[in-house]
Each structure stands twice: as structure tokens, then as C-alpha cells.
Amino acid sequence: MKKILLIVPALHQGGFEKVCVATARLLQPYFDVVIAIFDSRDIAYDIKGIPVADLRLPSRPGKVGKVLNVIKRGLKLRVLMQKEHIDIAYSFGPTANLANIASGGKAEKWLGVRSYMDMCHPGQIRLFCRCADRVVCCSDMICNEVRDKYRCDKAVTLSNPFDIREVKALSVKEEAQIPWSEGRILISMGREDTVKGFWHLIKSFSLVHEKLPDTKLMIIGQGEFQDYRKLAYGLGIDDAVYFTGLKKNPYPYLKKGSLYVLTSYYEGFPNAMVEAMAMGLPVIATDCMTGPREILEEKYGILLPNMSPDEDFNPQNITVEEQNLAQEIVRLLEDKDKMEHYCQMSLQRAGDYTAESYVEKIREWAE
């Protein structure tokens, strides 16, 4: 049985962190799996039964600190790989990729490009293409760009895996604690990060709530969201907006939703959106770089033009693009037949991202 090392900076709540843990569990029947992390604080995922090596090298400020960290992480990874006789080292995200490269050694190096934001650093991508045995991209669009722009025939696509049965089982494992007992709930999920465009969502929701007073908005994810709370207060909708904070099991909260809305202006492969689709939620998403178009294909959900990346917490300034999003949400919520249609389309599309196909590709590459 081959040994595979999965390298990830930490296991806080986040997209590629979740994929790393899911990968470990899915591969355990076929590989001897170990996860290496740089910082074990605030672990949000269930890692019971998975060997985890903490390198105890959290992020450091400044360019010199970052360079030293790459070297130290690489050296510790080299020792770990030699000790564990690792055959394949698969890293998730830029900082893990750099440490993987710095480790040297004989193990195959699979470097994961998990977001289109990674493509904003062409020097890193060239380095990854030169040093990797495989550049693992989470979407076809990213893969094609790596292949064409960097002439890298090592690039492959590996869409994230989903276990719909597990998602549904977890959704009824506990009861979501929310402040409302009735009303239709719009949901979005993600950490507090500018790239998620949540200020657009809150402003659009204020217009939706004005038109449909029974509607609520719930944002699931890690963060204080102070600026967003102030924005909701300034718009007079603070009693209709709920920030859940970090939830190790977010699915009971997703289950409360009527509609999932994604306002990111960058994504890689939006896990949360597909998880919402697995729960049967219709989807409205921005046509950002990358993910939503590839998943929705303009038939499994509603795509709207990408939105401005410039933060704007002024409640008096609601843009045309935010008005358009609000109008699309209202149109969908008021059309029962269309809502039911997109519920069914979400379930159908989520079923295409099976764990079985994900494992099959990895096993094929590892032969």
C-alpha cells in the first residue's frame, strides 16, 4: 500500500482544508494516509482516526519571516517524508506547495491550485509547473489556463468530492439555533473575507427585504463581521440578518435555507455552493473566476455578471449590480414553479460530484 502525505497549512474552516480532510478519509481504504499541518490551533474538522503531524511552524509576518518559514517547513517535511517513507506528497494551496517543493526528496510532488487567486502570482505558477510531478487544479478553467499560458502538460483537473448521503445525514444530526421561527431564509457560506463580496449580498438583501418582508439572511462562516453588522444596522435590517460564526456542522443551518446566494468575485471550486445544492437549495451566483459557471452551466442555477471587488460599506450607496441581484432574487422567490425547478436541478447537479470519481482519478494517477 502506497503512502500519501497531504500537506495543508492548518485545518481552520475553509474550502481546501475541508477537501484535505475529505481526501484523507476517502483514500484511507487504498493508501496509508498522513496529514501534515503547519499550525494545529483552531482545528474545525473531525480528524479522528487520521494521523496528523503538526510541524509547529505557523505563519510569520514580513518577507524574511515567510522565506524562513518555507525553508524550515521544507526541512521538517523532508524529515517526516523520510521517516514515513512517503511515496506521494500532495499539497493544498500556495504556502503548502512552496513547502512541498522545498522539501526535496524522492516522493512524487502533487501541487494543488485551489483558487483562481493563485493565478495572480505567475512566478509561483511557473515554479509549480517546473517542480511538480502533477499540478492538480480544482476546475477545468484553471487547468486549461495553466496548460495554455504556462505550457504545462502536468496540469490536471480534480473536482472536489462530495458525499451527498453524509451531508444529508449531518443536516439532521442536530437542530440549528437561529433567531427566527418563520420566514424564507437566504443563505451564503464562507469566512469573513473581502473576496466573498458579502457587502453586495447585504445591500441586495435590504432591497429584497423591503419587497418581501418575511425574508431573512443568514451568513455561515468564521469571523466577527463587525463592518457587515454595522452595514446591516445602517440599512435597518439588522434584525433580519444573522451571522452564525464558525459551525463545525453547518448543514442543519443550510437545511433552513430557501435559496443560496454566492457573491464572490474570486473562487476556485465553491464547495459551500455545491453542498447547498446537495441540500436541494436553488442557487443564484456571480459569474466569478472560477467555479460557478463550470458547475451551474447556465442551467443548474442562475448566473449573474461578476460584481465589483471594491469594498463599500456605505449603506447609502446601492449600486446597479446590487439592485439587479435583488431583482433576480425577488423574481425567483415569487415564482414557485421556478423555485421547484431549480431545487431539482441543484440535486441533479450535486450528484455529478461523487466521491467515487474523485478517488478513482487519484488511484489512477498513483499507479
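Axes here are lines fitted to C-alpha atoms, for helices over the stretch in contact, and angles run from 0 to 180 degrees between N-to-C directions. With that in mind, helix α10 (residues 271–278) lies across the strands β8 (185–189), β11 and β12, and runs at about 165° to β11. The structure is a predicted model, and the points below describe a sheet to which these strands belong, followed by a pair of packed helices.

**The sheet**

- Six strands form an open sheet with parallel pairing, and their order across the sheet is β10-β9-β8-β11-β12-β13.
- The edges of this sheet are taken by β10 (241–245) and β13 (302–304), and because each has a single partner strand, one side of each is left without a neighbour in the sheet.
- From one strand to the next, the twist averages 20°.
- Strands of a sheet pair through backbone hydrogen bonds, which may be in a parallel or an antiparallel arrangement.
- Within this sheet, β11 (residues 259–262) and β12 (residues 283–286) run parallel and are joined by 3 bridges, and Val261 stands opposite Ile284 in β12.

**The helix pair α2 and α3**

- Helix α2 (residues 63–84) packs against helix α3 (residues 94–102) at an angle of about 60°, and their axes are 7 Å apart.
- That angle makes α2 oblique to α3, and the crossing in which α2 passes α3 is right-handed.
- On the α2 side, the contact is made by Val70, Arg73, Gly74, Leu77, Arg78 and Met81, while α3 contributes Thr95, Leu98, Ala99, Asn100 and Ala102.
- Sorted by class, the residues in the contact of α2 with α3 are 6 nonpolar, 3 polar and 2 charged.

Definitions and conventions. Residues are numbered from 1 along each chain as its sequence is written. This is a predicted model: local features need pLDDT of at least 70, side-chain atom pairs count only at pLDDT 80 or more; totals for chains, interfaces and linings use all residues. Side-chain values use heavy atoms; hydrogens and water are left out. Two strands pair if DSSP finds at least two bridges between them. Helices (H or I, at least four residues) and strands (E, at least two) are DSSP runs, numbered from the N terminus. Contact means heavy atoms within 4.5 Å. Angles under 35 degrees count as roughly parallel, over 145 as roughly antiparallel, 65 to 115 as roughly perpendicular and the rest as oblique. A crossing is left-handed if the near helix is turned anticlockwise from the far one by less than a right angle, and right-handed if clockwise. Ala, Val, Leu, Ile, Met, Phe, Trp, Tyr, Cys and Pro count as nonpolar, Asp, Glu, Lys and Arg as charged, and the others, Gly among them, as polar.
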